[in-house]
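Hello,

Please find below the structure I said I would pass on. My notes on it follow, and they are best read with the model open.

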Amino acid sequence: FCSGLEVANFVVSSGLLKLSWAKILDCYGGFNLNELQNLGLSIKWKAYLQANINILVFTTSPICTKSHLQDSKQLVSSTAFKESFPVFEFLCNNGNSFSIHKAAIALFADHFHELLQLKAECGRNSNSLIVTGHSLGGSVASLFTLWLLESLDISLAKRPLCLTFGSPLVGDKGFQQAISQHPAWNSCFLHVAATSKDSIPRLFIAPRDLNSMDLDSKSDDYKPFGTFLLCCEDGCTWSENPEAVSELLMAVETEDAGNEEWTINVYSRIIEQLESMIVRKGISQVNESILNSLRAGTTLQTEAIRIRNEQLLIKKLEELEEICMFNKGKAFDPAKKLNVIKIKMAELEWYKKVAKANETGYYDCYKKQLSRRDRDVIKHKKFLTNYWKEVVAQNERKPQKQLVYLRSRWLYAGTTYRRMVEPLDIADYYRYNGSNYVTNGRSHHYIKLEQWLEEEKQSRFWMDTKKQNVDVILTDDSCFWAHVEEARLWCKSLKTADVGMISERVCLRQKLMEFEVYVMEQIKKYAVSSEIFLKGSSFMQWWKEYEMLIEPHHNSPLTDFIRNCKFQQYASGCLVLN
């Protein structure tokens, strides 16, 4: 467990706080601190272009203080501005909704067209970008950064860093969860709060009983997101646990309440004092009786921001941290399982080779379930399916722009999996007398993987090559065997149909002729594995059944292909097809 002190000190020593705050002060330079506070707020921004980094500053005019925000706690639901202002609709994944601070979204909407132009300018610059702001300007900076992240092509540009000072909380739990689902996004936000001098960061937090571990919140409760740097003149600490941040913000008593509106000098002074400190208090200054690293770290964390001897708070922070670490341990990380996935796929590849050597093909071997090896494949299939279902579900929760990048990383592996494993699911489906798999039995994750592949084929990332050795390929259409099974059912129905049922027989014959065309199209594209022509395969069983039903004079490209044994040349890619 890390108490956050080391990370906090690193952030302070990096110079980012001093650099960003200096630009905020410069942006405030044209404002009079004695402006009437009852004036309506407007937003102002200014870009500072430097050698390697650009800084974009958001402030309000007049300076937003507690008196401005005291009576404007209202949240507005994403459903309410969905039609009129759908800019943040990308956060609504799988039907989720969220709410944003009404004052912040109103300022953003009022200047939308100017901000749209500003966004385009940011996209044209390759320098690293810091988006910063103070008070309600920080809220607008957060919204603008989210907007940038949604459209960012990270293969071409770095993610921006949003650094806010004294910003009120921006949204509710739904908003927090929508961002937290994307760790790379969540890590782009650093919120600095002068806990003992500035009451604005805690203004919208609903107080809770320290004895309660009920983490459920009301629909109108604000929740923090991103990382927080909590600081005072004596020190600072860092936390990315939203529940712990809420507790810490509420636990600190704000000093000098009568003069709290003017926090400009507070942040200037705190940043200067923090930078001048050589080393913060270390573990040696914790009571030696505290042997638990979590307790020691939490104690240091609270003492760094002037919370002394609050044992009840420390206990609750420990419990919140344990919950956070437990949830991180449970979190699904596709990359961590890649080696296991490769092993499972290698097992299936070997199974496929053995089945082919037996002149049956792995689809039919698995469908018959005659050996222990066939039954062992069930375990590999289950593991792989669970993995890819979770990958697809995780990617569906991500915004569209980020999903495009994820496709380029995972889609090729997902396509190989789909082409290898879906035939096994089809075998299971028809083993138990299923029908119309594509409509009634196909898993959602296969549909999405295929859909994303088709979209990828239209993109600049896709490179298509003609297959010249189909002896080793997987069939492109992972539903090929479902079509074969349906064709066999049609043959069976045609064979048993009463002679008088003319319309039904005509319909069945038409479907079988369409299947012929489909198969021949796949062959011409070298898109089917040569395994389908093994003598023990379901496809060749279909052909025997079909050949008995067609007239002797029936001729088609597929009947010519099979009757003349052209499939023997097909495996090596030597066959010339018209």
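Y570 is a convenient place to begin: its relative accessibility is 0%, so this residue counts as buried. Please keep in mind that the model is predicted.

Y570 has an aromatic partner, F533, and the two rings are arranged edge-to-face, with 5.9 Å from centre to centre and 85° between the planes. F533 is also buried, because its relative accessible area is 7%, and the cut-off for buried is under 20%. What does this pair link? It joins distant parts of the chain, 37 residues apart. F533 is in the loop between α20 (502-524) and α21 (538-549), while Y570 belongs to helix α23 (residues 567-570).

That pair comes from a wider set: searching the whole structure gives 39 aromatic pairs. Another one of them is formed by F98 and F175, whose ring centres are 5.8 Å apart and whose planes stand at 50°, so this pair is tilted. F98 sits in the loop between β3 (75-77) and β4 (99-101), and F175 sits in helix α7 (residues 173-180), so the pair ties together parts 77 residues apart in sequence. F98 and F175 are both buried.

Two rings have a charged side chain over them. The charged end of K344 is placed over the ring of F383, at 5.3 Å from the ring centre. Over the face of Y366 lies R431, 5.4 Å from the centre of that ring.

Next, the sheet. In what order do the seven strands of the open sheet run? The order is β1-β2-β5-β6-β8-β10-β11, with mixed pairing. At the edges are β1 (42-49) and β11 (235-239); each has a single partner strand, so one side of each has no neighbour in the sheet. On average, and ignoring direction, neighbouring strands in this sheet are turned by 20° against each other.

The partner of β1 is strand β2 (residues 53-61), and the two pair in the antiparallel sense over eight bridges. To see one bridge, look at W45, whose bridge partner in β2 is F58.

Two helices are worth finding against these strands. Helix α6 (residues 136-151) packs on the sheet and touches β1, β2, β5, β6 and β8, with its direction at about 150° to that of β5. Helix α2 (residues 16-27) lies across β1, β2, β5 (128-134), β6 (161-165), β8 (189-194) and β10 (227-232), and runs at about 65° to β6.

Regards

Technical notes:
Residues numbered from 1 in each chain as written. Predicted model: local features only at pLDDT ≥ 70, side-chain atom pairs only at ≥ 80, totals over all residues. Heavy atoms only, no water. Phe/Tyr/Trp six-rings, centres within 6.5 Å; stacked < 30°, edge-to-face > 60°. Helix = DSSP H or I, 4+ residues; strand = E, 2+ residues; numbered from the N terminus. Buried < 20%, exposed > 50% of the residue type's maximum accessible area, 1.4 Å probe, protein only. Lys NZ or Arg CZ within 6 Å of the ring centre and 35° of its normal. Pairing = 2+ DSSP bridges. Axes fitted to C-alpha atoms, helices over the stretch in contact; angles between N-to-C directions. Contact = heavy atoms within 4.5 Å.
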